[in-house]
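Here is a quick walk through a structure, with the sequence and the 3D view to follow along in. Take a look at it first, then read on.

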Amino acid sequence: MSVIWIVAENPDWAAVLVSAAKSVSADAKITVFTPSLPADGLWEDYTPALVAKAKAEKPSLILLGTSRRGRDLAARSAALLDAPCFSDAKNLALNGNAFTCDTNVYGGTAVRTDSTTEPLVLATIGPKTFEPDPAGVAGASVGTLEYSPGRTKVTGRKPRPPQTVNLGEATKVVAVGRGFSEEKDLAAAKELAAALGAEVACSRPIAEFFKWLPEECYIGISGQIIKPQLYVAVGISGQAQHTFGIRDAKVIVSVNKDAECLMHQHADYCITGEWQMVIPALIKAVKA
Ligand SMILES: Cc1cc2nc3c(=O)[nH]c(=O)nc-3n(C[C@H](O)[C@H](O)[C@H](O)COP(=O)(O)OP(=O)(O)OC[C@H]3O[C@@H](n4cnc5c(N)ncnc54)[C@H](O)[C@@H]3O)c2cc1C
């Protein structure tokens, strides 16, 4: 039986990580740690406690979320434990004493399978990689981690502006890229999205450089990673940093004037043409 530890920021993450743990071994002995962070504390300050406990109690696998906090704690702990750490792992498996998992490489354009026989492995798991376990943490043991204050303190917090979209939950998304040369042109994409019942998203330059849409709207390796049923990319070239965010989209449609663009290579349906012609025709077709 494997001994698997889960370090989760909240019950939602814990339920996903329990699913991941059970995928490795149905009869795993699972312990869940959901430590409460002091108001002036940093998640990384759980590193000493996690490392000391792991050295003493020797779990075979420690799973954390791919959030900033999870990645930070995983990387620090793995370095101090001299253990391998797999980021954004999927298809986890334990065969005998060999732990195997897949990770995306080259910006998500390829998948690498790694295997290790190290006695302790750490892995971070994406929020959508496993369905949350319906039983949550029921059946798992509850562990505690002592908080050791570090030299850095949080001196203040301010709320983010409220999110205008929840792309993580969207089933249909229409995304715009630099094929749009003026902000007012986005109205056409918004109209298509409305006709489809889709959310509007974008490539990074549209949000970060032009500020035509909020930053939470951009898709990709440094933005949102989404899993919609339908993703319509309009005027997006399809660079690896962007397509990383849609690798699990079910159906991808690319609208681009360049027949050779990379996005067409990722798409299930390609429409080659100027969006100024294609979008009105799509809206008409959807409405019909
Ligand atoms: C470290 C790093 C991280 C990054 N992270 C991200 C990320 O998370 N997300 C992201 O999106 N990018 C990211 N990028 C940027 C990324 O490399 C690309 O530069 C960006 O995705 C390109 O955006 P785009 O496709 O909108 O623009 P472009 O590459 O300029 O493509 C515009 C496309 O529009 C087409 N087009 C032009 N006019 C029309 C028209 N009238 N009708 C139809 N098509 C038309 C063109 O043929 C072209 O294919 C990152 C880059 C780096 C270096």
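## L80 and its neighbours

Let's start with L80, which touches T47, V51 and K55, leaving aside residues up to four places away in sequence. Keep in mind that this is a predicted model. L80 sits in helix α3, residues 68-81. Is L80 buried or exposed? It counts as exposed, because its relative accessibility is 53% and the cut-off for exposed is over 50%.

Now hop along the chain to K90. L80 and K90 are 10 residues apart in sequence, yet their C-alpha atoms are 24 Å apart in space.

## Helix α2

Two of the residues that L80 touches, T47 and V51, also turn up among the buried residues of helix α2, which spans 47-57. The full buried set of α2 is T47, A49, L50, V51 and A54. What do these buried residues pack against? Their partners are β1 (3-7), β3 (61-65) and α3.

A bit of helix geometry is handy here. An α-helix has 3.6 residues a turn, so residues three or four places apart point the same way.

Just past the end of α2 comes K58, which takes a positive phi of about 50 degrees.

## The β5-β6 hairpin

K90 brings us to strand β5, residues 90-95, which is joined by four bridges to strand β6, residues 98-105. The two run antiparallel, and K90 stands opposite D102 in β6.

Together β5 and β6 make a hairpin with two residues between them. Look for G96 in that turn: its phi is positive, at about 65 degrees.

## The five-stranded sheet

Further along there is an open sheet of five strands with parallel pairing, in the order β11-β10-β12-β13-β14. Why do β11 (199-202) and β14 (269-272) each have one side without a neighbour in the sheet? They stand at the edges and each has a single partner strand, so one side is left free of a sheet neighbour. From one strand to the next, the twist averages 20 degrees.

For a close-up, try β13 (residues 251-256) and β14, which run parallel and are joined by four bridges. Within this pair, V255 stands opposite I271 in β14.

Two helices lie across these strands. Helix α4 (residues 186-196) crosses β10 (172-176), β11 and β12 (230-234), and runs at about 170 degrees to β10. Helix α8 (residues 275-287) lies across β12, β13 and β14, at about 135 degrees to β13.

## Around the ligand

How many residues surround the ligand? The count is 25, and the closest are R178, S203, S222, S237 and N256.

Some polar contacts are worth finding on screen. H242 places a polar side-chain atom 2.9 Å from a ligand oxygen atom, while G179 has a backbone N or O atom 3.4 Å from an oxygen atom of the ligand. W275 uses its backbone: a polar atom there is 2.9 Å from a nitrogen atom of the ligand. Taken alone, the ligand exposes 980 Å², and the protein buries 75% of that.

## T243 in helix α6

Last stop is T243, found in helix α6, residues 240-243. T243 counts as buried because its relative accessibility is 6%, and buried means under 20%. Which residues does T243 touch, not counting those up to four places away in sequence? They are G238, M263 and H266.

Technical notes. Residues numbered from 1 in each chain as written. Predicted model: local features only at pLDDT ≥ 70, side-chain atom pairs only at ≥ 80, totals over all residues. Heavy atoms only, no water. Pairing = 2+ DSSP bridges. Axes fitted to C-alpha atoms, helices over the stretch in contact; angles between N-to-C directions. Contact = heavy atoms within 4.5 Å. Near = heavy atom within 4 Å. Polar contact = N/O pair within 3.5 Å; in protein donor to acceptor, adjacent residues only side chain to side chain. Areas by Shrake-Rupley, 256 points an atom, 1.4 Å probe, with all protein chains shown as cover. Buried < 20%, exposed > 50% of the residue type's maximum accessible area, 1.4 Å probe, protein only.
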